[in-house]
Amino acid sequence: MPTISLQGQVALVTGASSGIGTGVAKALGDAGATVVVNYSRSAKGAEATVAEIKAAGGEAIAIQADVSQEDQVIRMFQQIFDTYGTIDILINNAGLQKDSPFPDMTLEDWNTVIGINLTGQFLCAREAVKEFIRRGVVLERSCAAGKIICISSVHEVIPWAGHCNYAASKGGVMLLMKSMAQELAPYKIRINSIGPGAIKTPINRNAWETAEAEAKLLRLIPYNRVGEAEDIGKATVWLASDESDYVHGVTLFVDGGMTLYPEFAHGG
Ligand code: BGC
């Protein structure tokens, strides 16, 4: 039995048809939240997430929207309000990589990554914040008027050659999160990020799929294991709950120590 309860709260998880999003959606469902499983392309993946939440005794629906498109985001929030009346928790998770050496990076790949990873977080946060301000605190639900958790990355602080668009998007998420946190605290809207390290998901399959690749990856992880989506799910439940009510405007790295400059354990 989970010890933290999010019973009675409505949570939207963007990009929840696979990877970290699925792990987070399931963890929120297990904690009693009603979960809106957003997806862009994989209806099948989203339906599977919804089915798993329901099989575990939870409540969930899938809603399609490309978070980089303003009209689609507004429509998704309207659907949430029509179905559940309000929203309490936003998990800004949708994200992707379009990697290439810098000189070869196309404007299209740059715009796609910034559009989904950064603009998407802005658009979803804006709609959630409007509702949090309208509704205010309802103590039976939470002592905050609303919670936003931005799923960022260790690459909001670790530069990443060959991934300039991705690292730029996550660096942007960091200051978007902190600036929103500063501005919106007076409304009792609590905003933080989670910075995952290497988590076993489709986005980085080639970094852990073979024993060789995994051994190479582990050199960057002092805690010596590659993370699982559940690791992010557990941290998210805590950060979304009143157990962390005084935690505001920070990034919680869930990375097995990847941000500790592991190379310096043997040098410097
Ligand atoms: C990236 C993964 C990578 C991890 C650690 C994540 O943000 O999406 O591909 O394995 O950071 O470098």
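The following exercises, each with a worked solution, concern the strands and helices of a predicted model.

Residues are numbered from 1 along each chain as its sequence is written, and side-chain values use heavy atoms, with hydrogens and water left out. Because the model is predicted, local features need pLDDT of at least 70 and side-chain atom pairs count only at pLDDT 80 or more, while totals for chains, interfaces and linings use all residues.

**Exercise 1. Describe the sheet: its strand order, its pairing and its edges.**

Step 1. Seven strands form an open sheet in the order 3-2-1-4-5-6-7, and the pairing is parallel; strands here are DSSP runs (E, at least two residues), helices are DSSP runs too (H or I, at least four residues), and both are numbered from the N terminus. Two strands pair if DSSP finds at least two bridges between them.

Step 2. Strand 3 (59–64) and strand 7 (251–254) stand at the edges with a single partner strand each, so one side of each is left without a neighbour in the sheet.

Step 3. Neighbouring strands of this sheet are turned by 20° against each other on average, direction ignored.

Step 4. Within the sheet, strand 4 (residues 89–92) and strand 5 (residues 146–151) run parallel and are joined by four bridges, and I91 stands opposite I149 in strand 5.

Step 5. Helix 3 (residues 70–84) packs on the sheet, where it touches strand 1 (10–13), strand 2 (34–39) and strand 3, and its direction makes about 155° with that of strand 3; contact means heavy atoms within 4.5 Å, and angles run from 0 to 180 degrees between N-to-C directions, with axes fitted as lines to C-alpha atoms, for helices over the stretch in contact.

**Exercise 2. Work out how helix 4 and helix 5 pack, and place L176 in that contact.**

Step 1. The axes of helix 4 (residues 107–135) and helix 5 (residues 164–184) come within 8 Å and cross at roughly 15°. That angle makes helix 4 roughly parallel to helix 5, since angles under 35 degrees count as roughly parallel, over 145 as roughly antiparallel, 65 to 115 as roughly perpendicular and the rest as oblique.

Step 2. The crossing of helix 4 and helix 5 is right-handed; a crossing is right-handed if the near helix is turned clockwise from the far one by less than a right angle, and left-handed if anticlockwise.

Step 3. The residues of this contact divide into 14 nonpolar, five polar and two charged, where Ala, Val, Leu, Ile, Met, Phe, Trp, Tyr, Cys and Pro count as nonpolar, Asp, Glu, Lys and Arg as charged, and the others, Gly among them, as polar.

Step 4. L176 lies in helix 5 and touches L118, Q121 and F122, not counting residues up to four places away in sequence.

**Exercise 3. Determine the packing of helix 1 against helix 2, and of helix 3 against helix 4.**

Step 1. Helix 1 (residues 19–30) and helix 2 (residues 43–55) pack at an angle of about 25°, with their axes 9 Å apart, which makes helix 1 roughly parallel to helix 2.

Step 2. Their crossing is right-handed, and the contact is made by T22, A25, K26 and G29 of helix 1 with T49, E52 and I53 of helix 2. By class, the contact of helix 1 with helix 2 has two nonpolar, three polar and two charged residues.

Step 3. Helix 3 and helix 4 pack at an angle of about 35°, with their axes 9 Å apart, and helix 3 passes helix 4 in a right-handed crossing. The residues of the contact of helix 3 with helix 4 divide into eight nonpolar, no polar and four charged.
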